[in-house]
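Open the model in your viewer and keep the selection panel handy. We will go from stop to stop, picking out residues and strands as we go.

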Amino acid sequence: MKKLISLVLAALMALTLFAACGKSNDDSKDNTDDTAEVTGTVSTDGSTSMEKVIMSLGESFQAEHKGITVGYNPTGSGSGITAVSEGRCDIGLASRALKDDEKAAGLKETVLALDGIAIIVNPENKVSDLTIEQIAKIYTGEITNWKDVGGDDAEIVLIGREAGSGTRDGFESITDTKDSCKYRQELTSTGDVITTVAGNPNAIGYASLASVKDTVKALSVNGVAPSEATVSDGSYEVQRPFVLVTKEGVELSKAAQLFFDYATSKDAAEVISAAGAVPVAK
């Protein structure tokens, strides 16, 4: 009888240990999926040119991470860089490369994508192609009438971005017109430039290719039309990087790190491409 009781107790102990081990293994499996439990808000701040790309990435990311909200504050590249430096946002957005003094101050750039800067005119304008030299002469006031570049006899109205804009910095660097442009209007967003050019038959402006709508006409430059393909292969010369800006030594929150990793991964390439930019990770 004692022998029978001992055997029963041994069997019960074995079953208890088996169940405990099974439960432990299940818990371990559940705990490995840390990303499913991450919640919070990711704050991005900066370039208005990157709006379509960042909003698309945020929407795609949030579909997979229900507990995380990605916010976007369209303040311009310079303001976004300052916001990161002062700790007022998680990730800055700049539509230009960081300058040496910004890097020296502890800021770090990660190129997300490449974007063409489209030279835009009103759809009624007869002009369809300009050289870099002609664009420079137009913006510095050497060429003031559309008839001198194949258009109608009308004064050219110069539209540009405000100081601190990444688009302006890229445009003026490529055309070698820094501090020399004779702007009629300096506007604070890509959308404002597009709207203004769309409403003035004699206007010319520049805007992110990713944001250009059919309300304006994008000109060819040196015979090359702006597109994802021509930006990617470098044949369209007026282009610049879309950059994510972080601060050296400052650790991102779990939510912000997850978004950063997703945005710079191959998984996000299709989303970036659909938004009109050329992804770096492919």
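Start by selecting L114 and displaying what surrounds it. Leaving aside its neighbours within four places in sequence, L114 is in contact with V231, Q239, R240, P241, A277 and V278. Bear in mind from the outset that you are looking at a predicted model. L114 is found in strand β4, which covers residues 107–121. Is L114 buried or partly exposed? With a relative accessible area of 26%, L114 is partly exposed, because buried would require a value under 20%.

Now add I272 to the selection. Along the sequence, L114 and I272 are 158 residues apart, while in space their C-alpha atoms are 9.9 Å apart. I272 sits in helix α10, residues 269–274. Its relative accessible area is 2%, so I272 counts as buried. Which residues does I272 touch, not counting those up to four places away in sequence? They are V53, L57, L112, A113, A263, A277, V278 and P279. Two of these, A277 and V278, are also on the contact list of L114. While I272 is still highlighted, pick A210 as well: these two residues are 62 apart along the chain, and 9.5 Å separates their C-alpha atoms.

Next, go back to β4 and select its partner β8, residues 203–208. Strands β4 and β8 run antiparallel and are joined by five bridges. To find one of the pairings, look for I117, whose bridge partner in β8 is S208. Then bring in strand β6, residues 157–161. Strands β6 and β8 run parallel, with two bridges between them. Here L158 has I204 of β8 as its bridge partner. How many of the six residues of β8 are buried? Six of the six are, so β8 is largely enclosed by the rest of the structure.

For the next stop, select strand β1, residues 40–46, together with strand β2, residues 68–74. Seven bridges join β1 to β2, and the two strands run parallel. Between them the chain passes through helix α2, residues 51–64, and this β-α-β crossover is right-handed. Two pairings are good landmarks here. V42 stands opposite V70 in β2, and D45 stands opposite N73 in β2. Keep D45 selected and add strand β3, residues 91–94. Strand β1 pairs with β3 in the parallel sense over three bridges. In β3, the residue opposite D45 is G92, so to speak a second landmark for this stop. As you look along these strands, remember that side chains in a regular strand alternate between the two faces of the sheet.

Move on to a loop. T177 lies between α6 (166–175) and β7 (185–187). Is T177 buried or exposed? At a relative accessible area of 1%, T177 is buried. Beyond its neighbours within four places in sequence, T177 is in contact with A136, T140, F171 and E172.

Now for the cysteines. Select C89 and C181. C89 has a relative accessibility of 12% and counts as buried; C181 is buried too, at 15%. How many disulfides does the model have? The count comes to zero.

Before trusting every part of the picture equally, colour the model by pLDDT. The protein averages a pLDDT of 90, and 87% of the residues score at least 70. Then select residues 1–32, where pLDDT stays under 50. For this stretch the model has zero contacts beyond four places in sequence. Where pLDDT is low, the predicted coordinates should not be read in detail.

Finally, zoom out to the whole protein. Its secondary structure comes to 10 helices and 12 strands. Buried residues make up 46% of the 282 residues. Among contacts between residues at least 6 apart in sequence, 74% join residues at least 24 apart. The accessible surface comes to about 14200 Å², with 51% of it belonging to carbon and sulfur atoms.

Key. Residues numbered from 1 in each chain as written. Predicted model: local features only at pLDDT ≥ 70, side-chain atom pairs only at ≥ 80, totals over all residues. Heavy atoms only, no water. Buried < 20%, exposed > 50% of the residue type's maximum accessible area, 1.4 Å probe, protein only. Helix = DSSP H or I, 4+ residues; strand = E, 2+ residues; numbered from the N terminus. Pairing = 2+ DSSP bridges. Disulfide = S-S within 2.5 Å. Contact = heavy atoms within 4.5 Å. Areas by Shrake-Rupley, 256 points an atom, 1.4 Å probe, with all protein chains shown as cover. Right-handed = clockwise from strand over helix to strand, strands pointing away. pLDDT = per-residue confidence, 0-100.
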